[in-house]
Amino acid sequence: MYALGIDTSNYATSLAVYDGKAGSVCLMEKQFLPVRQGALGLRQSDAVFHHTQALPKMLTKLNEQFPLTQIDVVGVSAKPRPQEDSYMPCFLAGVSAARAFCLAKGIVCVETTHQQGHITAALYAAGRQDLYDGRALLFHVSGGTTELLLCNRLQVEACVGHSEDLYAGQAVDRLGVKLGFGFPAGEQVSLLAAKCTEQVNPKISMDGQNCHFSGLENQCVRLLETGKSPEYAAKYCLTAIAKTLCAMLENARQRFPGLPCVCAGGVMSSGLIADYMQKRYPDLAFVPGKFSSDNAAGVAILACREARYAR
C-alpha cells in the first residue's frame, strides 16, 4: 500500500509518499512559502495563494519520481490540531487538492491534523514506531506552537504544558528578523549562536507547568541595545528556550514518570537546544531536521494506518 501525504501549513507546502509494505517514507517534497524581507510571516490569504500555486507543480515533480497512479490512499492535514475549534484557511488548499485527487482516482481521503502529522513523523524518524500504539511525551515546538503533549496511540491525550503568550519559534524569528535575516530565521539564528564562546545564564519565566516567552524577546532586544554581540543574543535566546523546555519536562515527568519523550518541531532542529537538553536528559529523542519541521511524512503514515484498519 502506498500513501500520499499533503500538508499545507503557514510555513511550507509539503508532499510525501509512504510505502506501507516496507514501512518507510520513500519520497518527500517541500517548498517554503515566500516571505518578504523584514516580514514576520504571511497573511492567510497569501498562504492559500502560494499553496494553490505550488501544489500542481510539486505533484507533477513527485509524479516524475513516483507514478501517482500507484497511490492507494491520500492523507491531508485539514486543520492545525485535533480540536473542534481548530482552524486555519491555509489547510484548505491541501484539502481541496486531496479530495479532488481521491475523487478522480476513486480512493479514500483521510483527513487528519497538522499536529498529529508532526507526532507521527517524529516517532517514525526517532525510530520509535513501537510508540504508535503506546503512550509518550512529545514536545511540539515551532513558530506556531509550544506544547508538551501526552500522546496515546498517535492521539493527543492531554497538553501538559504550553506557552501562555509568545511561541518559542516566534521569539527566535523576531530576533532573527531584527538581525536582518529572512523569515523564518531559525537556521540562521542557530548558526550565529554557535559562534558565541561566552557563557550565558538566561532568566526564564514559568507559571506552574506553563511558560512565557514574551519577556525573552524583550531581554534579547535589551542585550543588543547594551552592546552585546548578535552572536551572544542568539545564544542567549536559544539557551533560554532550552532551559525553559527542561523545566517543563521536569514538571511533566513528576506527573508521568517513566514515559519516553520525543522532541519535534522546527525549533527542536537547533543543535544548541538539543545539546543543552540531552546533557540533562540523555534519554531524549530528537528528530532529524527534515522530519522535525513542517512536513507531510506523518500525514502519509497516518493515512496508511487508517486505510489498513478500515479493511
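Let's start with one pair of charged side chains: Asp 46 and Arg 43 form a salt bridge, with their closest N and O atoms 3.2 Å apart. Asp 46 is partly exposed, at 26% relative accessibility, while Arg 43 is exposed, with a relative accessible area of 58%. Please keep in mind that this is a predicted model. In total, the structure holds 11 salt bridges, and two others are worth a visit.

One of them joins the side chains of Arg 81 and Glu 147, at 3.5 Å from N to O. Arg 81 lies in the loop between strand S4 (73–79) and helix H2 (90–105), and Glu 147 belongs to strand S7 (residues 146–152), so this salt bridge ties together parts that are 66 residues apart in sequence. Both Arg 81 and Glu 147 are buried.

Another salt bridge brings together the side chains of Arg 153 and Asp 133, again with 3.5 Å from N to O. Here Arg 153 sits in the loop between S7 and strand S8 (155–162), and Asp 133 in the loop between helix H3 (114–125) and strand S6 (135–141), so the pair ties together parts 20 residues apart in sequence. Arg 153 is partly exposed, at 45% relative accessible area, and Asp 133 is partly exposed too, at 40%. Through shared partners, salt bridges join Asp 133, Arg 153 and Arg 305 into one network.

Now let's turn from charges to nonpolar residues. In soluble globular proteins, nonpolar side chains tend to be buried together. The largest nonpolar core in this model has 49 residues, and those with the most contacts inside it include Leu 137, Phe 139, Leu 148 and Ile 241. Among the elements that give two or more residues to this core are S6, S7, helix H6 (214–225) and helix H7 (230–255). The most comes from H7, with 14 residues. You can look around Ile 241 for a closer view: leaving out residues up to four places away in sequence, Ile 241 touches Ala 168, Val 172, Phe 213, Leu 216, Val 267 and Ile 273. There is also a second, separate core of 32 residues, which includes Leu 131, Leu 149, Ala 300 and Ala 307.

Helix H6 also holds Gln 219, a residue that is buried, with a relative accessible area of 15%. The side chains of Gln 219 and Tyr 236 are joined by a polar contact of 2.3 Å. Apart from neighbours within four places in sequence, Gln 219 is in contact with Lys 203 and Tyr 236.

Aromatic rings come next, and the structure holds four aromatic pairs. Tyr 11 and Phe 183 have ring centres 5.8 Å apart and planes at 20 degrees, so this pair is stacked. The two rings link distant parts of the chain, 172 residues apart: Tyr 11 is in the loop between strand S1 (2–8) and strand S2 (12–19), and Phe 183 in the loop between H4 and H5. Phe 183 is buried, at 12% relative accessibility. Tyr 18 and Tyr 124, by contrast, form an edge-to-face pair, 6.5 Å centre to centre with 85 degrees between the planes. Tyr 18 is buried at 8% relative accessibility, and Tyr 124 is buried at 14%. Ring pairs link Tyr 18, Tyr 124 and Phe 291 into a cluster.

Finally, charges and rings meet. Lys 228 lies over the face of Tyr 232, 4.4 Å from the ring centre, and the charged end of Arg 280 sits over the ring of Tyr 276, 3.5 Å from its centre.

Key:
Residues are numbered from 1 along each chain as its sequence is written. This is a predicted model: local features need pLDDT of at least 70, side-chain atom pairs count only at pLDDT 80 or more; totals for chains, interfaces and linings use all residues. Side-chain values use heavy atoms; hydrogens and water are left out. A salt bridge is a side-chain nitrogen of Lys or Arg within 4 Å of a carboxyl oxygen of Asp or Glu. Buried means under 20% relative accessible area, exposed over 50%, partly exposed in between (1.4 Å probe, protein chains only). Helices (H or I, at least four residues) and strands (E, at least two) are DSSP runs, numbered from the N terminus. A nonpolar core is a set of buried Ala, Val, Leu, Ile, Met, Phe, Trp, Tyr and Cys residues joined through side-chain atoms within 4.5 Å. Contact means heavy atoms within 4.5 Å. A polar contact is a pair of N or O atoms within 3.5 Å; within protein, one must be able to donate a hydrogen and the other to accept it, and residues adjacent in sequence count only if both atoms are side-chain atoms. Rings of Phe, Tyr and Trp (its six-membered ring) pair if their centres lie within 6.5 Å; planes under 30 degrees apart count as stacked, over 60 as edge-to-face and the rest as tilted. A charge sits over a ring if NZ of Lys or CZ of Arg is within 6 Å of the ring centre and within 35 degrees of the ring normal.
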